[in-house]
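Here is a quick tour for someone meeting this protein for the first time. Take a look at the model, then read on.

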Amino acid sequence: MTSATLDAGTPVATPTAPVAVGSDAASQRPARRRYAVVGTGQRARTYIDGIGEHDDVAELVALVDTNGTRLRYHVDRLRDAGRGEPALFAAEDLERMLDDVAPDVVVVTSPDRTHAAHVATALAHGADVVVEKPLTIDAGGMYTIADAVRRSEGRLTVAHNYRYSPRNAALRQVVADGRIGDVVSVHFEWLLDTAHGADYFRRWHREKKASGGLLVHKASHHFDLVNWWTGDVPESVFARGGLRFYGRPQAAGAQYAPDLSADDDLRALYLDAAHEDGYRRDQDPFAPGATIEDTLSVLVGYRSGATLTYALTAHSPWEGYRVAVNGTRGRAELEVVERCHTTPGLPGQLGTAADGGGDCCPSRPRGARLVVQEHWGRPEEIPLPVDDGHRTGDAALLRDVLRGHLPASDGGPDDDPLGRRAGLVDGLRAVAVGVAGNRSLATGQVVPVSTLGTRL
Ligand SMILES: NC(=O)c1ccc[n+]([C@@H]2O[C@H](COP(=O)([O-])OP(=O)(O)OC[C@H]3O[C@@H](n4cnc5c(N)ncnc54)[C@H](O)[C@@H]3O)[C@@H](O)[C@H]2O)c1
């Protein structure tokens, strides 16, 4: 990765490995790093539980949220698990938490629109930050975060967990090994099924000003993968798309109306907490008012001259993705079926955790297939380790994020030869495609990424 500068020519730190921390002299063990989590909804559980599972190196010291019921849900779980109880803070007391508790690391798992302010505030108080994707939702947020990193000594990690999924890493390895030569084009189609896809139209994600739309909120995962697979930098974006399925009244079946009360955790996190802030987790995805797209096509030009053609459909009957990478020596193809079909009427069905796994559809078997074919050669299937995508990726991400400062001899991760650890520049490049794409959707023009105001 090259070093980045702000448009004013101000140097921006490049992502580096986490710093070493002091050690506990008596035990010769590294000291535990103290974590605060900001935004304690569903995603925060991954970190709260992960910190508990890595409690030899990590300690949860504070939780921050706008909603007291959700804060107490997590504390009750921690108490039931016999774990220490963190201090609780209202969102408006974030700075007081940073002053009084002084965590080493702040994990930002609040809604996307809040990321830039939370990251900047935490860095300004000297904490390291781990922020969930997307890094931010617009050009202003990109500038705010790049500027905050420049002014701070704190380190920023962007939680691009898809890089940690072994099948995605295997494609990175194929490209890095030069098997297909120099990359000249990538074709990438991502399908969200009507269980998972609908979920983005049930809550804050349905508003572009809250999530940046699926081109930022969801596709930042995918654009990050392409940037990482190819080692290239996006330069121009042309996008077309719209709301073609959700967001307008239609005779939708009961399968689109999840019963949150059927799931103890969803009920406690959302139904029981709604009286405080009116946050509805189970809105009708067909209710009018959605300002995001459910059908998107994008053409991205890269610095090397390579191109990406990308498509996202959020109302597919099956879930998964297809990637083809064309190079000067051959072609690599990764095909993944995460869920071959969805089943109507599953209680609490909200997303990918619901069902449809196993080998229930012989004509569309679940799993991943990576095939490499060099010019004039036969296709070769690359063996892939067992990988259920999200869960496998999250476990590896957590290990890297929480133990990244430890040497392998002390239980830390091995070196990172594939460069999976993502920092500021990676996070900026991942959201830049979606942010420029949103401008292209609005103007009908090709949008140079340089016009966003933060050089990549
Ligand atoms: N990497 C992944 O695969 C993945 C998966 C799910 C979510 N995420 C990301 O995690 C983040 C959270 O997603 P979620 O599904 O848990 O959302 P959520 O709505 O369930 O939780 C967000 C929490 O933030 C709180 N909140 C709202 N405004 C706040 C503020 N100003 N300050 C502090 N807290 C505030 C809400 O009350 C809520 O508890 C999002 O950025 C999302 O993109 C990433």
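## Loops, ligand and helix pairs

Ala102 sits in the loop that runs between helix H3 (94-100) and strand S8 (105-108). (Helices, H or I with at least four residues, and strands, E with at least two, are DSSP runs numbered from the N terminus.) The model is a predicted one, where local features need pLDDT of at least 70, side-chain atom pairs count only at pLDDT 80 or more, and totals for chains, interfaces and linings use all residues. Residues are numbered from 1 along each chain as its sequence is written, and side-chain values use heavy atoms, with hydrogens and water left out.

Back to that loop: Ala102 isn't a glycine, yet its phi is positive, about 50°. Another backbone oddity is the cis peptide bond between Lys133 and Pro134, with omega at about -15°. Pro134 belongs to the loop between strand S9 (128-132) and H5. For background, most residues other than glycine have a negative phi, and most peptide bonds are trans.

Lys133 also turns up at the ligand, where a polar backbone atom of Lys133 is 3.0 Å from a ligand oxygen. There are 28 residues around the ligand, and Asp65, Arg70, Asp112, Tyr270 and Tyr279 come nearest. (Near here means having a heavy atom within 4 Å.) Here are the polar contacts, which are pairs of N or O atoms within 3.5 Å:

| Residue | Atom in the residue | Distance to a ligand oxygen |
|---|---|---|
| Arg70 | polar side-chain atom | 2.6 Å |
| Lys133 | polar backbone atom | 3.0 Å |
| Tyr270 | side-chain N or O atom | 2.4 Å |

Arg70 and Tyr270 show up again where two helices meet: Thr69, Arg70, Tyr73 and His74 in H2 touch Asp265, Ala268, Leu269 and Tyr270 in H11. (Contact means heavy atoms within 4.5 Å.) H2 (residues 68-80) and H11 (residues 264-271) pack at an angle of about 145°, their axes 8 Å apart. Axes are lines fitted to C-alpha atoms, for helices over the stretch in contact, and angles run from 0 to 180 degrees between N-to-C directions.

How do H5 and H14 cross? The axes of H5 (residues 139-151) and H14 (residues 424-443) come within 10 Å and cross at roughly 165°, so the two helices are roughly antiparallel (angles over 145 degrees count that way). On the H5 side, Ala139, Met142, Ile145, Ala146 and Val149 make the contact, and they meet Leu424, Leu428, Val431, Ala432, Val435 and Arg439 of H14.

Note on methods:
Parallel < 35°, antiparallel > 145°, perpendicular 65-115°, else oblique. Polar contact = N/O pair within 3.5 Å; in protein donor to acceptor, adjacent residues only side chain to side chain.
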